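The following exercises concern side-chain contacts, burial and strand pairing. Each task is followed by a worked solution.

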Amino acid sequence: MTEASSIHEERRDTAALLGGDEPWDMVIIGGGITGAGILREAAREGYRVLLVEQRDFAWGTSSRSSKMVHGGLRYLASGDYRLTRDAVHERERMMNEAPGLVDNLYYIMPHFNRQFPGPGLFGLLLRVYDFLAQRRTRRFFPGESVLRWVPGLRREGLRGGTRFSDAVTDDARLVLRILQEATNAGGRAVNYVRAEAVTPPSDGGEGRVTVHDELADRGYDLRARHIVHATGAWTDRLRSQLGGDQRIRPLRGSHLVFPFWKLPVSVSLSLIHPRDHRPMFVYPWEGVTVVGTTDLDHDQDLQKEAVLSRAEMAYLLEAVHDAFPDAHLGETDLISTWSGVRPVVSDSAGRKKKPSKEKREHVIWNDQGVISVAGGKLTTFRLIALEVLDHVRTDNGIRRDLDEQVFSPAPAMARPNALTAWQWQRLCGHYGSRVEEVLEAGPLMPIGHTDTLLAELVWSCRNERIGHLDDLLLRRTRLGLLLPEGGAPWLEVLREHCQAPLGWDDARWQQECTRYRELWRASYHLPSESGA
């Protein structure tokens with residue numbers, strides 16, 4: 001089979017899945033981390049299950065988070081011991097099973113005069129945090145000794161800093177890895193298939209999901225015994241068709257990306273913004289330094305890319321200038337930016353709280369037999385998925401013990417000589433049981449200063465349902481966030497290796513390059529001068 005025909009085969013496969021006569025046990029709407037987690041658990045329980053995503057996998061919130069897999073100190077501080085316990089246990093589990101995808105990251109909370117919380121109170125909180133994780137990472141560094149961890153930090157009023165531990169990930173690749181695990185278990189997932197309408201299941205019978213294949217421009221009616229809806233910020237749109245109330249409060253969080261050498265940090269610095277005293281972070285990720293995040297009501301069209309505003313950029317830079325007064329960073333130093341929309345479940349009956357005061361717990365609804373879920377944390381996606389399946393079951397049966405590994409191990413094989421130990425661990429974490437295929441797909445050549453290998457892009461073009469160039473550069477890999485100009489100077493190199501696997505002719509390649517450059521400039525770089 002030629003490279004081009006393999007792509008056409010992929011679309012034929014989509015048509016076969018959507019146009020088959022046999023009803024599905026379950027159809028899941030939404031291809032973010034929650035939908036992917038439900039697909040994985042449903043497939044492992046033996047359901048014949050299909051996931052449909054209106055854009056690309058992880059296009060929404062699940063590729064635009066702060067990349068942190070954390071236990072939720074804020075929940076512990078507010079007295080929610082159970083949620084924190086569950087999140088910490090899931091964090092430890094993922095770090096143990098998928099190193100290179102979910103990795104330990106030290107955090108430093110600096111303490112300044114007359115700033116809450118002080119080192120004593122914060123240390124007590126961390127004592128419980130460490131107890132839940134069954135490992136101690138907390139340590140207080142008095143005075144300027146903390147500068148060994150965070151060089152360049154403001155000295156004025158500095159009392160010291162407390163170290164603790166959480167984890168960091170590539171959120172989009174986490175979703176793709178979970179989808180891979182789900183596929184290995186028999187689940188199926190298709191992107192660029194929009195759910196347009198839902199007919200709830202009748203008593204003991206079937207429901208219907210009307211979908212439209214955006215790439216093939218063709219509609220289908222899917223039959224399913226169970227319908228699960230996990231579209232995050234889009235939840236209210238479908239629930240309103242079923243008589244559900246409006247409960248989602250979309251909140252935008254934006255981030256700035258700087259070259260590491262401009263703002264070198266080896267830990268995640270937890271900051272309190274000088275203006276409104278919100279918590280923020282400056283942290284290392286994929287060889288760059290990230291500053292985030294904001295927390296604002298997002299009143300823009302959810303179908304369009306969320307975009308950083310000039311006010312948000314000024315707000316984030318203000319925090320950087322306060323914490324690192326000698327860094328003299330400005331907008332001309334930025335590599336890229338990104339913004340995501342959090343699907344926060346709000347109390348529709350009450351007055352709106354400040355965005356940062358809204359709770360982040362998930363909520364599950366049953367609207368005429370259609371199960372919807374929204375909210376929650378990246379860290380607890382598996383527990384949310386299991387809870388959703390508890391709502392799906394109609395036989396009141398006891399949940400099977402699915403406490404086996406979340407991630408299947410990578411094959412036991414020697415590290416290739418061309419790769420460093422970190423590059424090898426990263427590949428195994430990202431691709432799991434398919435890492436050997438990645439090694440054989442193309443050159444083991446890093447792209448620019450990143451750890452991303454050309455072989456990864458080639459393998460992804462062949463195997464990961466890429467509909468547009470931004471799928472490859474912003475989600476399958478993160479080159480659009482890590483490289484100057486979104487990686488545009490590398491497009492000719494990528495063309496040589498990726499055009500054929502994608503099955504695109506010269507005209508389509510040029511069209512995609514133009515589209516990608518315009519998208520990156522509009523949504524992943526500097527905000528427009530007229531931006532609010």
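**Exercise 1: Charges over rings**

Arg154 lies over the face of Phe112, at 4.1 Å from the ring centre. The model is predicted: local features need pLDDT of at least 70, side-chain atom pairs count only at pLDDT 80 or more, and totals for chains, interfaces and linings use all residues. Residues are numbered from 1 along each chain as its sequence is written, and side-chain values use heavy atoms, with hydrogens and water left out.

Task: State which ring Lys67 lies over.

Solution. Step 1: the criterion requires NZ of Lys or CZ of Arg within 6 Å of the ring centre and within 35 degrees of the ring normal. Step 2: Lys67 is placed over the face of Trp285, at 5.3 Å from the ring centre.

**Exercise 2: An aromatic pair**

Task: Classify the ring pair of Tyr431 and Trp459, and establish whether each residue is buried or exposed.

Solution. Step 1: rings of Phe, Tyr and Trp (its six-membered ring) pair if their centres lie within 6.5 Å; planes under 30 degrees apart count as stacked, over 60 as edge-to-face and the rest as tilted. The structure holds nine aromatic pairs. Step 2: the ring centres of Tyr431 and Trp459 are 5.4 Å apart and their planes stand at 75°, so the pair is edge-to-face. Step 3: the pair links distant parts of the chain, with Tyr431 in helix α10 (residues 421-431) and Trp459 in helix α12 (residues 454-463), 28 residues apart. Helices (H or I, at least four residues) and strands (E, at least two) are DSSP runs, numbered from the N terminus. Step 4: buried means under 20% relative accessible area, exposed over 50%, and partly exposed in between (1.4 Å probe, protein chains only). Tyr431 is buried at 0% relative accessibility, and Trp459 is buried at 3%. Step 5: eight of the 10 residues of α12 are buried, so this helix is largely enclosed by the rest of the structure.

**Exercise 3: Strand β4**

Task: Determine which strands pair with β4 and in what sense.

Solution. Step 1: two strands pair if DSSP finds at least two bridges between them. Step 2: β4 and strand β6 (residues 158-169) are antiparallel, over 11 bridges; Val102 stands opposite Thr169 in β6. Step 3: β4 and strand β12 (residues 268-272) run parallel and are joined by two bridges; Ile108 has Leu269 of β12 as its bridge partner. Step 4: strand β4 (residues 102-112) is mostly covered, with nine of its 11 residues buried.

**Exercise 4: Salt bridges**

Task: Describe the salt bridge of Asp56 and Arg476 and the network that contains these residues.

Solution. Step 1: a salt bridge is a side-chain nitrogen of Lys or Arg within 4 Å of a carboxyl oxygen of Asp or Glu. The structure holds 44 salt bridges. Step 2: the side chains of Asp56 and Arg476 meet at 2.7 Å, N to O. Step 3: Asp56 is in the loop between β2 (49-52) and β3 (68-69), whereas Arg476 is in helix α13 (residues 469-476), 420 residues apart. Step 4: Asp56 is buried, with a relative accessible area of 0%, and Arg476 is buried at 1%. Step 5: for contrast in setting, Arg155 and Glu144 form a salt bridge (3.4 Å, N to O); both lie in the loop between β5 and β6, 11 residues apart. Glu144 is partly exposed, at 44% relative accessibility. Step 6: salt bridges that share partners join Asp56, Asp470, Asp471, Arg475, Arg476 and Arg515 into one network.
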